[in-house]
Amino acid sequence: MAHDTHDTAHASHVDHAALGEVHEHPTWKQYKWVALILMVITVVEVWVYYIPTFVASPVFVPALLIMSAVKFAIVVMFYMHLKYDHKLFRALFTGPLIIAIITLIVLMFLFGHLVIGRR
Amino acid sequence: MATTAVVGHGHPPTTTGLDHRKIAIWAFIGSECMLFTSLISTYLVYKGRSVSGPFPHEVCNPPQCATALKPILNIPVTSVSTFVLLMSSLAMVLALAAVENKDKPGWAGTGAWGRALASSRLWLAVTAILGATFLGFQAYEFTSFVHEGLTIRTNLFGSSFFTLTGFHGAHVTVGVLWLLTLLAIDVKRGLGPKDALLVDISALYWHFVDVVWIAIFTLVYLIR
């Protein structure tokens, strides 16, 4: 029985390495820091929402978009382990994501929400 | 080596050397990116084009409006639900770590915290509970909107908002059911390193649901 357990554990280890799934995962401390960073960014996002002068300034929307993108990237890289995983998984995720973002931006231009060069 | 390992688990060898199930979930997540971006695009295209209230952020007072309208989005409540969903992602990675390291006694340290950290059942349950809490917040939000006169048929904002957040809520519901199924399996026979891929796939789905909400929270709730 003990032998079986050892074999299973070993096979599992081989599986992970051979299948290119997990090279190394973040530690508990890294997970904790990632959660803390996500929490702080969320607090800042909500905080700036309640500052009328900041909301009225032209940096309000870009600042929120950057903070959101940072949170998005952190979760994908560390919690979804894309930073440590096989490049095929990266391609399968970032390819459609890039197409989708370009489509969104084009639609924004098409429907007049984004305008270049209008006085 | 890859062939040996894959055959050892009763699956045929793969040309990529990667497990098909993991490739499938990443391809699925890629397609889901496009689905949610189309829903977000629809919301943004129709943003500010509703001819009647309630409105998400805008304040409308007579004589511009027949009746006074206040912003309908409840940012404090949604901020708490966002925090809940972010913490559920932390619980999910801890559940996966507990399953992957189940055959390594003491990997999480000793003492009560170490035992808690090594308990996949605890973290799967915590993730499911936090997911269900998020759904509770969403049910509260939808109910309060309906009471304030906003339904999916009221205006462009209502149609695009309920479609987008409703789709996301349906995904969270599927995720909670998936987590409860894993929890039931863990309670019945225990999840170990040989099951790590199954938990990893469910974790990827759960984190994806989380990142979609990160985008929705900013684009729908915070940007006016």
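A residue is buried if 20 or more other C-beta atoms lie within 10 Å of its own, and exposed if 12 or fewer do. The exercises below apply this and other ideas to a predicted model.

**Exercise 1. Determine whether S202(B) is buried or exposed, and describe its surroundings.**

*Solution.*
Step 1. Locate the residue: S202(B) belongs to helix α7 of chain B, which covers residues 196-222.
Step 2. Apply the cut-off. S202(B) has 21 C-beta neighbours inside 10 Å, and burial requires 20 or more; therefore S202(B) counts as buried.
Step 3. Identify its partners. When neighbours within four places in sequence are left aside, S202(B) is in contact with W178(B), L179(B) and L182(B).
Step 4. Place these partners. Helix α6 of chain B runs over residues 156-188, and the numbers of W178(B), L179(B) and L182(B) fall within that range.
Step 5. Recall the geometry of a helix. An α-helix has 3.6 residues a turn, so residues three or four places apart point the same way.
Step 6. Set a distance beside these contacts. S202(B) and T151(B) are separated by 51 residues in sequence and by 32 Å in space, C-alpha to C-alpha.

**Exercise 2. State how the span of helix α6 of chain B relates to the expected value, and what follows the helix.**

*Solution.*
Step 1. Take the length: α6(B) has 33 residues.
Step 2. Take the span: from the first C-alpha to the last, α6(B) reaches 48 Å.
Step 3. Compare the two: this span is close to the 48 Å expected at 1.5 Å a residue.
Step 4. Look past the end of the helix. G190(B) follows α6(B) and has a positive phi, near 85 degrees.

**Exercise 3. Describe the overall form of chain B.**

*Solution.*
Step 1. List the elements: chain B contains seven helices and zero strands.
Step 2. Consider the radius of gyration. For chain B the value is 22 Å, whereas a compact globule of 224 residues would have one near 17 Å.
Step 3. Add the dimensions: the C-alpha trace of chain B spans about 75 × 45 × 25 Å along its principal axes.
Step 4. Examine burial and contacts. Of the residues of chain B, 42% count as buried. Among its contacts with a separation of 6 or more, 73% are between residues 24 or more positions apart.

**Exercise 4. Decide which element of chain A has the lowest mean pLDDT, and state how that part should be read.**

*Solution.*
Step 1. Begin with the whole chain: the average pLDDT of chain A is 82, and 77% of its residues score at least 70.
Step 2. Turn to the elements. The lowest mean, 39, belongs to α1(A), and the highest, 96, to α4(A).
Step 3. Examine the stretch concerned. Residues 1-20 of chain A have a pLDDT below 50, although the stretch has 26 contacts in the model beyond near neighbours in sequence.
Step 4. Draw the conclusion: where pLDDT is low, the predicted coordinates should not be read in detail.

**Exercise 5. Describe the contact between chains A and B, and the makeup of the side that chain A contributes.**

*Solution.*
Step 1. Count the residues: chain A gives 49 and chain B gives 50.
Step 2. Name the elements. On the side of chain A, those giving two or more residues are α1, α2, α4 and α5.
Step 3. Find the largest share: α5(A) supplies it, with 14 residues.
Step 4. Sort by class. This side of chain A has 34 nonpolar, eleven polar and four charged residues.

Definitions and conventions. Residues are numbered from 1 along each chain as its sequence is written. Chains are lettered from A and ligands numbered from 1 in the order in which they are written. This is a predicted model: local features need pLDDT of at least 70, side-chain atom pairs count only at pLDDT 80 or more; totals for chains, interfaces and linings use all residues. Two residues are in contact if their C-beta atoms, placed from the backbone, lie within 7 Å. Helices (H or I, at least four residues) and strands (E, at least two) are DSSP runs, numbered from the N terminus. Ala, Val, Leu, Ile, Met, Phe, Trp, Tyr, Cys and Pro count as nonpolar, Asp, Glu, Lys and Arg as charged, and the others, Gly among them, as polar. The radius of gyration is taken over C-alpha atoms; the globule rule is 2.2 Å times the number of residues to the power 0.38. The expected span of a helix is 1.5 Å times one less than its number of residues. pLDDT is the predictor's confidence in each residue, from 0 to 100.
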